[in-house]
Number of protein chains: 2
Amino acid sequence: MRAEEKRGAVGRSIPRLEGRAKVTGRAEYVHNLRLPGMLYGKIARSTIAHGRIKRIDVAAAQAVEGVHRVVTGADIRALIPDPHYGPAFHDQPILALDKVRYAGEPVAVVLASDPHVAEEAAGLVDVQYEALPAVYDEVEAMTSKAIVHEVLKPAGTFPDLKHFQGRKNTNVALDFRLRRGDAEAALKKADRVFEHTFRTQQVLHVPLEPFVSAAEPGDGTLTIHTASQSPSFVRTEIARLLEWPESKVRVKVPYLGGGFGAKLYIKLEALVAALALLVRRPVKISLTMEEQFYTLTKHAATLRIKSGVAKDGRVTARLCEVWWNGGAYADIGPRITQKSGFTAPGPYDIEHVHIDSYALYTNLPPAGALRGFGIPQLVWAYEGHTDMIARELKMDPVEFRRKNILRDGRPQATGTVMQDAAIDKVLERVAARMDWGKPFDRGSGTVRRGRGVVIGFKAVIAPTTSVAIVNLYADGSCALYCSTVDMGQGSDTAMAQIVAEILGIPIESITVVHPDTEVTPYDMATLGSRSTYHMGNAVRRAAEDARDKLLALAREVGVSVETTPIAEVFRRKYGMQAGNIIGSGSFIPTYMPMDHDTGQTANATPFWMVGATGAEVEVDTETGRVRVTRLVNVADVGTPINPAIVESQLSGAAIMQLGFTMSEKMEFSAGQCTNASLAQYKIPGLLDVPEGMENEAVDAEQKGGPFGAKGVGETGTFGVSPAIANAIDDAVGVRLTSLPLTAEAVYRALRAKQGNPLKD
Amino acid sequence: MRAEEKRGAVGRSIPRLEGRAKVTGRAEYVHNLRLPGMLYGKIARSTIAHGRIKRIDVAAAQAVEGVHRVVTGADIRALIPDPHYGPAFHDQPILALDKVRYAGEPVAVVLASDPHVAEEAAGLVDVQYEALPAVYDEVEAMTSKAIVHEVLKPAGTFPDLKHFQGRKNTNVALDFRLRRGDAEAALKKADRVFEHTFRTQQVLHVPLEPFVSAAEPGDGTLTIHTASQSPSFVRTEIARLLEWPESKVRVKVPYLGGGFGAKLYIKLEALVAALALLVRRPVKISLTMEEQFYTLTKHAATLRIKSGVAKDGRVTARLCEVWWNGGAYADIGPRITQKSGFTAPGPYDIEHVHIDSYALYTNLPPAGALRGFGIPQLVWAYEGHTDMIARELKMDPVEFRRKNILRDGRPQATGTVMQDAAIDKVLERVAARMDWGKPFDRGSGTVRRGRGVVIGFKAVIAPTTSVAIVNLYADGSCALYCSTVDMGQGSDTAMAQIVAEILGIPIESITVVHPDTEVTPYDMATLGSRSTYHMGNAVRRAAEDARDKLLALAREVGVSVETTPIAEVFRRKYGMQAGNIIGSGSFIPTYMPMDHDTGQTANATPFWMVGATGAEVEVDTETGRVRVTRLVNVADVGTPINPAIVESQLSGAAIMQLGFTMSEKMEFSAGQCTNASLAQYKIPGLLDVPEGMENEAVDAEQKGGPFGAKGVGETGTFGVSPAIANAIDDAVGVRLTSLPLTAEAVYRALRAKQGNPLKD
């Protein structure tokens, strides 16, 4: 805190702390971990989408030279009587029991010291099934006779799932309902009514580091090394399954090679834990890139949206129905259904809103959180709908939005009054950047140009808790203990900046201790752009606690920290370079639960994330090929802790969503993914990135956020898909309502316009 | 804290927490550690005791197939300009520079992936020396022309060493001086004056796990895995050498296979750190049992003690001179010279005391702390002296002690008024257990029996600091972070008992996190029986802090911890199993520095350790063989936290000292240890343990100690040697004043009594 040390760490684009370690190859990943005596597990998976297991024959696999053991669900059940896990429902077995619910579901594991031996033997596990009728479509699942789960088993951690306990013969895992005003009546009174249906496809997180976990049995203890975004949850859930105190389960997370929501809750952790305890040796399972396709997807969704609009362009009523395709296991799907569901009408000021949002089980791989937590699906629908209405009304789409946007001080659909949501600002900034209203080159001949602008917003999951510890050493350097997982988003750097700012010490002297549940305190998880706000606040409080204790120590020894180095304060107290100051901080925002029948609450979220996207495209009318030539993302991130990291978060998110928009789609045949490889499933490469890629954080402040900051990891995803679809419509007059926007889809739509795609 | 959970953990003989892990082989030791890419280092050592290095030829070693690199002191100096370490003096080079100061000093290191290759090549390092005159005896070192260190370089951490800065041409590293009253004048006035000189030999700690350290370079960071009793010191000292912030150096200590004072400060840590940074790969050095003989010894000492005694048996004056043979590097010797030196007159109430205590450099392997920190050497002298006086005065030795012992409320030689030192109690209890004053079978024929009783006491090193953190998890289990090293003494269990007691939780739910400077907070070191008192107090405060925060949380959510489980308190606050409570506690006792000229202080120690030993022996007068038939140790340990652990500490310490008494001795020829193997250097085996082995903790309370407890790790060592020597004298009338009490020594003494050993 001495003047010469003051650096104003917050608000500066400090290079990432871990950059050098990653570039030099010193960064640790679980994939590199080797433990003495470790066995490798390879998974034998279900070949059918839905069926009863009649018999598992492991003899051929067990006979392979070098195989240590073949483990099935029955072995797991002998260790853990009810081996089902899940954050919302305890529905997912560690290995399939009795029946399988999707093609690719783990049925058995072969353990061997040599992973190649294990892999060969896994192919020899012979399972006989009795096939059952299957359901794949989320809307059909509402009424299908094919029932994925006979009985529903909510986890009990979410009180609002309690009334699903024991429900039978239904694929509906959650039906979120919001009623504000009387949308049906208002629709009847409206001057115009518009209704559109949109669809999104199954896509994948594709972290370049596939799922990997290892478990190491100790003496009445278990250590799990895992590429996880939620070490605290893993510990709690494994302790619950084993009926152990949490202190006996240790979860360690080094660097992650990307997460994007895939590496949340339990993935391989319960499996390696059970295996390690069964064989009393360390066990590691590393999935292949192909196996990621059988582990977790993003929810496909069907979204029906109906609006009543007054003559002057004011939207007076909106009715939203959303069907989320959760696949065979709920994972966090019910939370998405509810927590994102309530923003389905978009960032618009609408008096009468009805929302019905359904989480559905189907016989596809489970769907979970993926960067945006359902929001990109919703924005895809409501911002397509918005443009389609504006077009019908012959209104400028930006002007139409201006007329309807939700401004601070006005109630959102939940009744929560908006604050610190710069919806108007991001709309104006994106319009200005796109030179909206000025002449625009619309192309000519077979290449036509168009543009679109959209806005979107998101609440943060609430209420959730973060805890941090700051350990100030006697030489004035320090360690920050925090369970936020730096999976590439730069959280280590941002958190260290907060500590450096408050303690007035150089950021180089701060070590950020990576998640280790025996060391770093509780954090709900690294998800949903919650870390900067929640953990940032906990870190700030921990650093302030340390600072206050330092000031007290300085007073005790009769010096001022303004003029005395920290090391000297310690020396005066302890006679030598000795002692520590331990500061801790805990943060949980205030929150008020929603009314179960109406979805109303005075406080739906601690903060809002707000984004606007502008896209310019060129469409080749002969081939349908779309080239995105410019992609502008404007966000309200409050006041950035590290502007350079905010910038890369915005572009990273936008490029990821660009893949989901233009090319990515899991193809299924009878529930079997038929393009489970990166040779067939195309993620964006460098050449797919638009030439004009712009990002901007508007001048804003999030009250209650650390130094005015809030999260940004997802904001860039919100608007990319509808902005491009709107631009295509603007260019060539066809409206695509399903993702992805492939050349084929555009071409077919153009052809559907009766041979003359350029009419309109 | 609920009634049914209350267990009264403190005061119970709870089995050691780590027992199962050790018995099942799951306990981790650094010797088992393998790191990817790790190189093994083998040390080439000096073959002479004192000399200038003329030339080091590494060509032959470097040419051995598989050798990665041969490193000498010059290489180290290129990395670290002043590569000298040490807790009291910065006198010890990481590898010898310019000259060698003892036979066995590290001169070069060969690095290879295969330790056998490294060992072979280490034998080929060719060093040419110019021999210098050497000095080995501590008394001769006072005046010898052979100077071990040309210039003295105090570490600066001990202010009282400051005036040694830059001293030249002396082997005296510290001359401690205490003057209370006027001993010279009082001696002149005394009725009788007695003077005796005693000697002790060089011995060894012999932990069954030899020294071992590994260093792992990171990205601007360094992790050191080491079998160390002082991880905090290692971090500070390595950071100082490298000029890095402490946060960039991480020191991890798993279980230790014994320490006994050997594994303190820097041993191999600076060497592996420098090597790892030089070659940018992990480097490990594991010493052999033989190499322990070249690393650290216990101080040999010469002790002259002179007493003036009044007719009634009251000791009126005492003059003590002690010469400590520190070997070639000071290590912690100067502290022993001072901190133990001030108790040289023994636990007696003597008005006039002069003490001169000298730390001396010689050309022998360095000496350091060894279970007792100099006290066994002092008790050896003053309790032999006491018995010899009593014998001369024809007084019963217990009665003579009763007359002179230092009772609570009376000033010790430093002027510090005694408190909570049950000297009278331990004397009475040992006398009672020995049936003192009752008939005793004195043997017959060639086997004669005798017995002896002695008392001893020790101050604790002060002032020192301990810090602890208690992390209470949301399910009510918890972790304790503390840097106390459990090297077999059971500290993990005792510390967990304190936490269990205060939080009212089962001890099984507590995880004690092992020292890791990135995690566990500062602790001065695990030494000198300081942990129970210092760390015990820090742990108590941390647990109380956590308890207070838990109570506050319970109040906040409107429940009582008397009726509500801890997990429920958390759930009410955080809505799920989430959050932590972080309690921290720091402890440094009050202390007043001694006056430099007189050694006087009002507060010399936070507490006193007090012990009494009774021994019964059989002496074979034909062979000189002594059999210890009974060994009784009585101690004031305050109120034990875990009585079973106290019991095993007392017997463990006594058996260790029994080895130093009866058989152990490093033999030297021209400074070269000639019995550097456990085949020649004999530690006690099971058959050497006395049949009658008794231990007792007297009913006592240490005020200011956690739950009334204080340290016990060393107390059993105090009196063993003089009790046996006194018993021999009692049996056969010969007085041995040098250790060890071998059959040969007894036989020679008997022969010296002019052919009739049974006369007297």
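**A tour from a strand pair in chain B to the two-fold axis**

Start in chain B with Trp323(B): its bridge partner in E18(B) is Tyr358(B). The model on screen is predicted.

**Stop 1: the strands around E17(B)**

Select residues 315-325 of chain B, which form strand E17. Of its 11 residues, 10 are buried, so the strand is largely enclosed by the rest of the structure. Now add residues 352-360 of chain B, strand E18. E17(B) and E18(B) pair in the parallel sense, over 9 bridges. The Trp323(B) and Tyr358(B) pair from the start of the tour belongs here.

What sort of unit do E17(B), helix H10 and E18(B) make? Show residues 333-340 of chain B, helix H10, together with the two strands; the three make a right-handed β-α-β unit.

Next select residues 300-309 of chain B, strand E16. E16(B) and E17(B) run antiparallel and are joined by 10 bridges. To find one residue pair, label Gly308(B), whose bridge partner in E17(B) is Ala317(B). The hairpin of E16(B) and E17(B) has 5 residues between the strands. Within this hairpin, label Gly313(B), which takes a positive phi near 95 degrees.

**Stop 2: helix H7 of chain B**

Select residues 231-242 of chain B, helix H7. This helix has 12 residues and reaches 16 Å from its first C-alpha to its last, close to the 16 Å expected at 1.5 Å a residue.

Is H7(B) mostly covered or mostly exposed? It is mostly covered, with 11 of its 12 residues buried. Among the buried residues are Phe233(B), Val234(B), Ile238(B) and Leu241(B), and also Arg235(B), Glu237(B) and Arg240(B). To see what they pack against, show strand E4 (84-85), strand E12 (222-226), strand E13 (249-252) and helix H8 (269-279) of chain B. Just after H7(B), Glu243(B) takes a positive phi of about 60 degrees.

**Stop 3: two places in chain A**

Go to helix H17 of chain A, residues 643-662. From first C-alpha to last, its 20 residues reach 28 Å, close to the 28 Å expected at 1.5 Å a residue. H17(A) is mostly covered, with 14 of its 20 residues buried.

Then select Glu140(A), in helix H5 (residues 138-141) of chain A. Why does Glu140(A) count as partly exposed? Because it has 15 C-beta neighbours inside 10 Å, and the partly exposed class lies between 12 or fewer neighbours (exposed) and 20 or more (buried). Draw a C-alpha to C-alpha distance from Glu140(A) to Thr362(A): the two are 9.1 Å apart in space and 222 residues apart in sequence.

**Stop 4: where the chains meet**

Show both chains. In chain A, 44 residues are in contact with 44 residues of chain B. On the side of chain A that touches chain B, the elements giving two or more residues are helix H1 (19-23), helix H7 (231-242), strand E22 (466-473), strand E23 (478-482), strand E24 (510-513) and strand E25 (580-587). Coloured by type, the residues of this side divide into 21 nonpolar, 16 polar and 7 charged.

Of the interface residues of chain A, 100% are also interface residues in chain B, so the copies meet through the same surface.

How are the two chains related? A turn of 180 degrees and a shift of 0.0 Å along the axis lay chain A on chain B with an RMSD of 0.0 Å. That is the relation of a two-fold axis. To find the axis on screen, end at Val519(A), the residue of chain A that comes closest to it, at 3.2 Å (C-alpha).

Terms used:
Residues are numbered from 1 along each chain as its sequence is written. Chains are lettered from A and ligands numbered from 1 in the order in which they are written. This is a predicted model: local features need pLDDT of at least 70, side-chain atom pairs count only at pLDDT 80 or more; totals for chains, interfaces and linings use all residues. Helices (H or I, at least four residues) and strands (E, at least two) are DSSP runs, numbered from the N terminus. The expected span of a helix is 1.5 Å times one less than its number of residues. Two strands pair if DSSP finds at least two bridges between them. A crossover is right-handed if, with the strands pointing away from the viewer, the path from the first strand over the helix to the second runs clockwise. Two residues are in contact if their C-beta atoms, placed from the backbone, lie within 7 Å. Ala, Val, Leu, Ile, Met, Phe, Trp, Tyr, Cys and Pro count as nonpolar, Asp, Glu, Lys and Arg as charged, and the others, Gly among them, as polar. Copies are superposed by least squares on the C-alpha atoms of residues with pLDDT of at least 70 in both.
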